[in-house]
Amino acid sequence: MVYSNHRLSARTTNSYKNHRFPSEIIAHAVWLYYRFSLSFREVQELLAERGVIVSHEAIRLWCFKFGQAFAKKLRHRRGHPGDTWHLDELFIRIRGERYYLWRAVDQDGDTLDILVQKRRNTGAAKRFFRKLLKGLQYVPNRLVTDKLRSYAAAKRTTLPSVHHCTRQYANNRAEVSHQPTRQRERHMRRFKSLSHVQRFLSVHSPINNLFRVGRHLMRAAHYRLFREQAFVALRNVTTGP
C-alpha cells in the first residue's frame, strides 16, 4: 500500500503532528534528498528497501515543508563563521534564461549565504552584501573576490573599512564551492524556477556544511568522530516537539 500524505502544508514548521509516518522516517528522507544527488523517486526506492512504502510525492512535500525549518535551525546552531569572506558568482540557466548565483563562503569553505539574481552588476552586488550582513550580523576582516568591478563598487559603500583582495587564484575556495551545485543541477536537469533554486540551495548549503568535514585531511578515527557529531546535530534539529 502506497501512502500519500495530502495533509502536508507549505509552512516552515517542525511539527510532525498528524503525519502518517514517525519523525525519524520523515527526517531521514529529507536528509537523503538534500545530502546526496538523489531524486524523490530514488529516495522512495531507498526507503522501500527498508520496508517503508511511501509515495515520491509525499517525500517531495516533506522536503518542501521541513527542509527550510531544518536549515534555519542548523544556521542558528552553527558556530561563528570565519572572518574572511570569499565571494563568487556562477551563471545558471532557468527555462533558457541566464541568472547568476551569488555565493559567499568563509576561509574554511563553509557556505555563508547564497542569492540568485538576474543581474551581475553593482546593484546586484550591493543586494548580496546587504543580505550577508543581515544574516550574519558582523563585518569580516577580509573580502576575497575576483576582479569583477561590481564587487569593488559595492564594497566602497557597504563595507568601506574591509580589506579587499583580488589577487589571482586567491578566490579558488569560492569557485570550488560551486561544484556541489553544478552536480545537483545536472542531476535535476536544471532548476525549474528562480524560487526553486533559491529554496533548494538555502537548505542544501547548511546540510552540506554540516557533513563537509574534509575526510582527506584527517585520520579515519577523527573523521568518524566528526561525522557522528554531525549526525547528533542533525538529530537535534529534526527532533519533533
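Is W62 buried or exposed? I looked this up first in the predicted model, and W62 turns out to be buried, with a relative accessible area of 0%.

**Nonpolar cores.** I then turned to the largest nonpolar core, which has 42 residues, and noted that W62 is listed with Y34, V43 and V54 among those with the most contacts inside it. The elements that give two or more residues to this core include the helices α1 (23–35), α2 (40–49) and α3 (56–77), the strands β1 (84–94), β2 (97–105) and β3 (111–117), and, later in the chain, α8 (194–211) and α9 (220–238). Of these, α1 gives the most, with nine residues. I also found a second, separate core of 20 residues, which includes L115, Y138, L148 and Y151.

**Aromatic pairs.** My count of aromatic pairs came to 15. One of them joins F21 and W62 edge-to-face, at 5.6 Å centre to centre and with 75° between the planes. Because F21 lies in the segment before α1 and W62 in helix α3, this pair ties together parts that are 41 residues apart in sequence. F21 counts as buried at 13% relative accessibility.

Next I looked at Y33 and F40, whose ring centres are 4.3 Å apart with the planes at 15°, so I entered the pair as stacked. Y33 is buried, with a relative accessible area of 6%, and I noted that Y33 and F40 belong to one aromatic cluster with Y34, F191 and F200.

**Charges over rings.** Y33 also has R184 over its face, at 5.2 Å from the ring centre. Elsewhere in my notes, K118 lies over the face of Y99, at 4.7 Å from the ring centre.

Terms used: Residues are numbered from 1 along each chain as its sequence is written. This is a predicted model: local features need pLDDT of at least 70, side-chain atom pairs count only at pLDDT 80 or more; totals for chains, interfaces and linings use all residues. Side-chain values use heavy atoms; hydrogens and water are left out. A nonpolar core is a set of buried Ala, Val, Leu, Ile, Met, Phe, Trp, Tyr and Cys residues joined through side-chain atoms within 4.5 Å. Buried means under 20% relative accessible area, exposed over 50%, partly exposed in between (1.4 Å probe, protein chains only). Helices (H or I, at least four residues) and strands (E, at least two) are DSSP runs, numbered from the N terminus. Rings of Phe, Tyr and Trp (its six-membered ring) pair if their centres lie within 6.5 Å; planes under 30 degrees apart count as stacked, over 60 as edge-to-face and the rest as tilted. A charge sits over a ring if NZ of Lys or CZ of Arg is within 6 Å of the ring centre and within 35 degrees of the ring normal.
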